[in-house]
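Hi,

Here is the model I promised to pass on. Have a look at it first, and then read my notes underneath.

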Amino acid sequence: MTKKHFIAMAIQFGLSTRIRLNDYRANRITLDEYDFWYSTYVTAINDFCKVAKQFNSNFDVEYFLDFVADVAMERRDAQGKLIKKGKVA
């Protein structure tokens, strides 16, 4: 896999996280349901990182996890581009 593939995976993981977090915030799922989903999801992401590192020694786990978090927290858009923030006065 290439960096392009890893970024696509990070975007997908981030978007899925964003959706579930929004479900919780909108009371469509309970905190227990979110916690269970989140713990399972974190395990899946970490397992993906282990496999990615095995197949590509240049795979940067920290960069990948930061990218996932940026998409999940809407610091990046659905294409992975950084969202510019307006100037704060």
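Below is what I found, going from the overall layout to the helix contacts, the core and a couple of single residues.

Before anything else, keep in mind that this is a predicted model. The protein has 3 helices and 0 strands, so to speak a plain α-α-α run from the N terminus on. The C-alpha trace spans about 40 × 40 × 20 Å along its principal axes. Of the 89 residues, 30% count as buried. If you take the contacts with a separation of 6 or more, 53% of them are between residues 24 or more positions apart.

Now the helix pairs. How do helix 1 and helix 2 run relative to each other? Their axes come within 10 Å and cross at roughly 175°, and an angle over 145 degrees counts as roughly antiparallel, so helix 1 and helix 2 are roughly antiparallel to each other. On the helix 1 side, the contact is made by Phe-6, Met-9, Gln-12, Phe-13, Ser-16, Thr-17, Arg-20, Leu-21 and Tyr-24. Helix 2 brings Leu-31, Tyr-34, Trp-37, Tyr-41, Ile-45, Phe-48 and Ala-52 to that contact. Sorted by class, the contact of helix 1 with helix 2 has 12 nonpolar, 3 polar and 1 charged residues.

Helix 1 (residues 3-25) also meets helix 3 (residues 61-72), with axes that come within 7 Å and cross at roughly 40°. That angle makes helix 1 oblique to helix 3. The crossing of helix 1 with helix 3 is right-handed. From helix 3, the residues in this contact are Tyr-63, Phe-64, Phe-67, Val-68, Val-71 and Ala-72. The helix 1 residues in the contact include Lys-3, Phe-6, Ile-7, Met-9, Ala-10, Phe-13, Gly-14 and Arg-18. Here the residues divide into 13 nonpolar, 2 polar and 2 charged. If you flip between the two contacts, you'll find Phe-6, Met-9, Phe-13 and Thr-17 of helix 1 listed for helix 2 and listed for helix 3 too.

On to the core. The largest nonpolar core has 18 residues. Which of its residues have the most contacts inside it? They are Phe-6, Phe-13, Ile-45, Phe-48, Phe-59, Phe-64 and Val-68. Helix 1, helix 2 (31-55) and helix 3 are the elements that give two or more residues to this core, and the largest share, 7 residues, comes from helix 2.

Phe-48 is a good residue to click on while you are there. Leaving aside its neighbours within four places in sequence, Phe-48 is in contact with Met-1, Phe-6, Met-9, Phe-13 and Phe-64.

Two more residues, one from each end of the accessibility scale. Is Asp-23 buried or exposed? Asp-23 sits in helix 1 and has a relative accessible area of 14%; buried means under 20%, so Asp-23 is buried. Beyond its neighbours within four places in sequence, Asp-23 is in contact with Arg-28 and Ile-29.

Gln-79, in the segment after helix 3, is exposed, with a relative accessible area of 57%. C-alpha to C-alpha, Gln-79 and Asn-56 are 23 Å apart in space, and they are 23 residues apart in sequence.

Cheers

Definitions and conventions. Residues numbered from 1 in each chain as written. Predicted model: local features only at pLDDT ≥ 70, side-chain atom pairs only at ≥ 80, totals over all residues. Heavy atoms only, no water. Axes fitted to C-alpha atoms, helices over the stretch in contact; angles between N-to-C directions. Helix = DSSP H or I, 4+ residues; strand = E, 2+ residues; numbered from the N terminus. Parallel < 35°, antiparallel > 145°, perpendicular 65-115°, else oblique. Left-handed = near helix turned anticlockwise from the far one by under 90°. Contact = heavy atoms within 4.5 Å. Nonpolar A, V, L, I, M, F, W, Y, C, P; charged D, E, K, R; others polar. Core = buried A, V, L, I, M, F, W, Y, C linked by side-chain atoms within 4.5 Å. Buried < 20%, exposed > 50% of the residue type's maximum accessible area, 1.4 Å probe, protein only.
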